[in-house]
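Okay, let's get started. I'd like to walk you through one structure today, so have the sequence and the model open while I talk.

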Amino acid sequence: MKRKNVIRIFALILALIVMLPGTAALASGDKSSSKNVFTEAKNAVVRVASIYNDGDSMATGSAFGIGPKGSSPEYFVTNAHVVMDDDGGVAEKVYILLDNTAIKVYYNILDEQYWEINDARVVECTVVNSKSLSLYPDVAVLHAERPISDRSCLPLHSGKEVEDAEKIYALGYPALADDLTASVGHLEASYAIAATPDAVVLQDGIVSMITKSELFGSSDVIVHSAMISPGNSGGPLLDENGAVVGINTYRISEESAQHNISIFIDYAREILDNNGVTYWEYEPEGLNIKTVILIGLMALIVIAAVLLILNFRKRSKKYEAEKQAEADSHELRLQGVSGTYEGRRFEIKANVTLGRAPDNSIAFPTDVKGVSSHHCAIIRNGDQIYVKDMGSTYGTFINNSKKLEPNQTVSVNVGDRISLGSAVETFMITRKGGKI
């Protein structure tokens, strides 16, 4: 390639960079655009109320809507401790509050409290991951009984993309938001639980550390200076583009400082993926100055690569396809065909146990019929797969016909079906992507 042609290609790439939408505005820092992002983000944050002990106690927190871009959310992300009772189970009732009229709290001079719930202004929720709810990582996904039409969804990014000294923003409903609605009478005072978007408090700060915290169950966390107060739990931590990178979860106070801690949003994304929940995945719409510089450097690399590629043959597409097929053939999956885990896939690395007991790799609900506590095991030895019945009551079947004897082990192949007790709870051995 002639030097003159190389210069022309380089000039063309630079021209395309300059012409890309949003480059100039983001490179110079468009304040009005940034303000709109966070104003809109407030509309995605909701107040959550959890009711315990037959209505004798209540706790509140924050959550935020997730779903396809531009849709009305029916799924929300919050902290597990916002909806957990003292025994680690799910609260008796979990509500999303639609506005300040949803719940009103009263208390008298004896500090006795009671509240009134306006059923027309709350939306009841179920906890999607109730069976695996845990304080570490501290994540709960809520499913509202209906989409909330006047609220919005936030784009989900990754905590892995956050850097030290980066600007971030914490949103939520701290308890002080309720103080603004308080009224005091002669013998009784009351306050409305604040739940409108204009009551969402936005705190900005700087990232001071990205770490894996042993204190919080080895969770990946972002430590920052954006103030988190009681009630903020479960609210989103946003980067400068308005994308969620964390969930506001903990605070550690010292005499001279407070450390605010948000867990990676990646934990919530994993739960959403495992349960087939669709969400808005963040993709940059424009370019910032760092990206412009990076693309310029990449342009130079591309030109150098073009000069080198002229000296080599292009790889055959057939060779690439065969190489990928070979790689996929070694990644085996156990895919649910019917029953409790229909549509779910589980990677087969070594041994996978199935049954109703919680210590199984794949644990079934305790009320599933026909499945024993420790029903069967899938055993992998290289590319060979075996199925072993673990002394189940109703038996393990291969391809809906062959019933294994108790503790019998047989070899199976990709495409074979394994049923626990009956054809109702059936899995299939597949390759990556469900390929047979």
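Let me begin with the contacts. If you take the contacts in the protein between residues at least 6 apart in sequence, 60% of them join residues at least 24 apart. And before anyone asks, yes, this is a predicted model.

Some overall numbers next. The protein has 436 residues, and 42% count as buried. The accessible surface is about 23,500 Å², with 53% of that belonging to carbon and sulfur atoms. For secondary structure we've got 8 helices and 27 strands.

Now, the barrel. It's made of 6 strands, and going round, the order is S9-S12-S13-S16-S15-S14, with antiparallel pairing. On average, neighbouring strands of this sheet are turned by 45° against each other, ignoring direction. Helix H6, residues 266-274, packs on the sheet and touches S13, S15 (244-253) and S16, and the direction of H6 makes about 25° with that of S16. Let's zoom in on one pairing there: S13, residues 219-224, and S16, residues 258-264, are antiparallel over 4 bridges. In that pairing, Val-221 stands opposite Ile-263 of S16.

Moving towards the other end of the numbering, look at strand S25, residues 409-412. Which side chains there point to the buried face? Val-410 and Val-412 do, while Thr-409 and Ser-411 point to the other face and are not buried. S25 runs antiparallel to strand S22, residues 384-389, and 4 bridges join the two. One of the residues to click on is Ile-385, whose bridge partner in S25 is Val-412, the valine we just met on the buried face.

Right, aromatics. The count comes to 8 aromatic pairs. Take Tyr-106 and Tyr-114: the ring centres are 5.0 Å apart and the planes sit at 15°, so this pair is stacked, given that planes under 30 degrees apart count that way. How buried or exposed are these two tyrosines? Tyr-106 has 14% relative accessibility and counts as buried, whereas Tyr-114 is partly exposed at 41%.

Then there's Tyr-107 with Tyr-191. Here the ring centres are 6.3 Å apart with the planes at 55°, so the pair is tilted. Tyr-107 lies in strand S5, residues 103-108, and Tyr-191 in strand S11, residues 188-192, so the pair ties together parts that are 84 residues apart in sequence. As for accessibility, Tyr-107 comes out at 27%, partly exposed, and Tyr-191 at 21%, also partly exposed. The cut-off for buried is under 20%, so Tyr-191 doesn't make it at 21%.

There's an aromatic cluster too, formed by Tyr-341, Phe-346, Phe-364 and Phe-427.

Last stop, Val-82. You'll find this valine in helix H4, residues 80-83, and at 4% relative accessibility Val-82 counts as buried. So what is Val-82 in contact with, leaving aside its neighbours within four places in sequence? Those contacts are Val-48, Ser-50, Tyr-52, Gly-61 and Ser-233. If you'd like a distance to check on your own screen, the C-alpha atoms of Val-82 and Ala-59 are separated by 7.2 Å, with the two residues 23 apart along the chain.

That's my tour, thanks for listening.

Technical notes: Residues are numbered from 1 along each chain as its sequence is written. This is a predicted model: local features need pLDDT of at least 70, side-chain atom pairs count only at pLDDT 80 or more; totals for chains, interfaces and linings use all residues. Side-chain values use heavy atoms; hydrogens and water are left out. Buried means under 20% relative accessible area, exposed over 50%, partly exposed in between (1.4 Å probe, protein chains only). Contact means heavy atoms within 4.5 Å. Accessible areas come from the Shrake-Rupley method with a 1.4 Å probe; for residues, only the protein chains shown count as cover. Two strands pair if DSSP finds at least two bridges between them. Axes are lines fitted to C-alpha atoms, for helices over the stretch in contact, and angles run from 0 to 180 degrees between N-to-C directions. Rings of Phe, Tyr and Trp (its six-membered ring) pair if their centres lie within 6.5 Å; planes under 30 degrees apart count as stacked, over 60 as edge-to-face and the rest as tilted.
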